[in-house]
Amino acid sequence: MSNPDLFTGKLVHLTAEDPETVAKPYCEWGRDTEFSRYLDSNPPFTFSEKKWKEWMEKDLEKTDNHFFSIRTLDGNQLIGFVALFELYWQHGDTMVAIALGPHEYWGRGYGTDAMNLMLRYAFTELNLRRVSLIVFEYNQRGIRSYQKNGFVEEGRVRGAMLRDGKRWDFIWMGAMREDWMRIQQESLRAS
């Protein structure tokens, strides 16, 4: 076994958090409209700390989601979250969502590392065969990050979203277990 800690990567580790710990930062990130526009196709809106806490305590536990906070290895800073949802066990498929809150962590490999950890969990522990996501056409940084982990474009919903007077596509991307494993092997050979 090359890495005995399943939830620790090169830059981040995935954690479970108490709702009291994450309610305030999640609330603050939600007030950032740039963050909201990368996360959701709905118009930006905010939740109170109380609503975040309630969601974490009640709604999240009712589902078959696998929800983790993302913390840096250096300083243990809470910087985001990543989750598997809509698990179709009989097919071995799921969806993934990821978000980094503080802008200073964007474009520096933290999201790519966190996604790699989530894919490792999905493929090696949950024995899934495909992980899918939807990304907005204007999120080119996200698309490049996903491609580094083996995601490929599988389809588009053309002009699905109106933002700032322009129509943008929803891009469906998927990562297959065998593609992700090939990337891991190539990475090991290169190091």
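**Note on the sheet and two of its residues**

1. Tryptophan 172 counts as partly exposed, because its relative accessibility is 35%, a value that falls between the limits of 20% for buried and 50% for exposed. This residue lies in strand 7, and together with Ile134 and Val157 it makes a nonpolar surface patch of about 240 Å². The model is a predicted one, and the values in this note should be read with that in mind.

2. The sheet to which these remarks relate is open and has seven strands, in the order 1-2-3-4-5-7-6 and with mixed pairing. Strand 1 (12-15) and strand 6 (152-163) stand at the edges, and each has a single partner strand, so one side of each is left without a neighbour in the sheet. From one strand to the next, the twist averages 25°.

3. Strand 2 (residues 66-72) and strand 3 (residues 78-88) run antiparallel and are joined by six bridges; phenylalanine 68 has valine 82, in strand 3, as its bridge partner. Helix 4 (residues 110-125) packs on the sheet, where it touches strands including strand 4 (93-100), strand 5 (130-136) and strand 7 (166-176), and its direction makes about 50° with that of strand 1.

4. Serine 132, placed in strand 5, is buried, with a relative accessible area of 9%, which is to be set against the limit of under 20% for that class. When its neighbours within four places in sequence are left aside, serine 132 is in contact with Thr94, Met95, Val96, Phe151, Glu154, Met173 and Gly174.

Terms used: Residues are numbered from 1 along each chain as its sequence is written. This is a predicted model: local features need pLDDT of at least 70, side-chain atom pairs count only at pLDDT 80 or more; totals for chains, interfaces and linings use all residues. Side-chain values use heavy atoms; hydrogens and water are left out. Two strands pair if DSSP finds at least two bridges between them. Helices (H or I, at least four residues) and strands (E, at least two) are DSSP runs, numbered from the N terminus. Axes are lines fitted to C-alpha atoms, for helices over the stretch in contact, and angles run from 0 to 180 degrees between N-to-C directions. Contact means heavy atoms within 4.5 Å. Patches are made of residues with over 30% relative accessible area and no salt bridge: like charges are joined within 9 Å, nonpolar side chains (Val, Leu, Ile, Met, Phe, Trp, Tyr) within 5 Å. Accessible areas come from the Shrake-Rupley method with a 1.4 Å probe; for residues, only the protein chains shown count as cover. A salt bridge is a side-chain nitrogen of Lys or Arg within 4 Å of a carboxyl oxygen of Asp or Glu. Buried means under 20% relative accessible area, exposed over 50%, partly exposed in between (1.4 Å probe, protein chains only).
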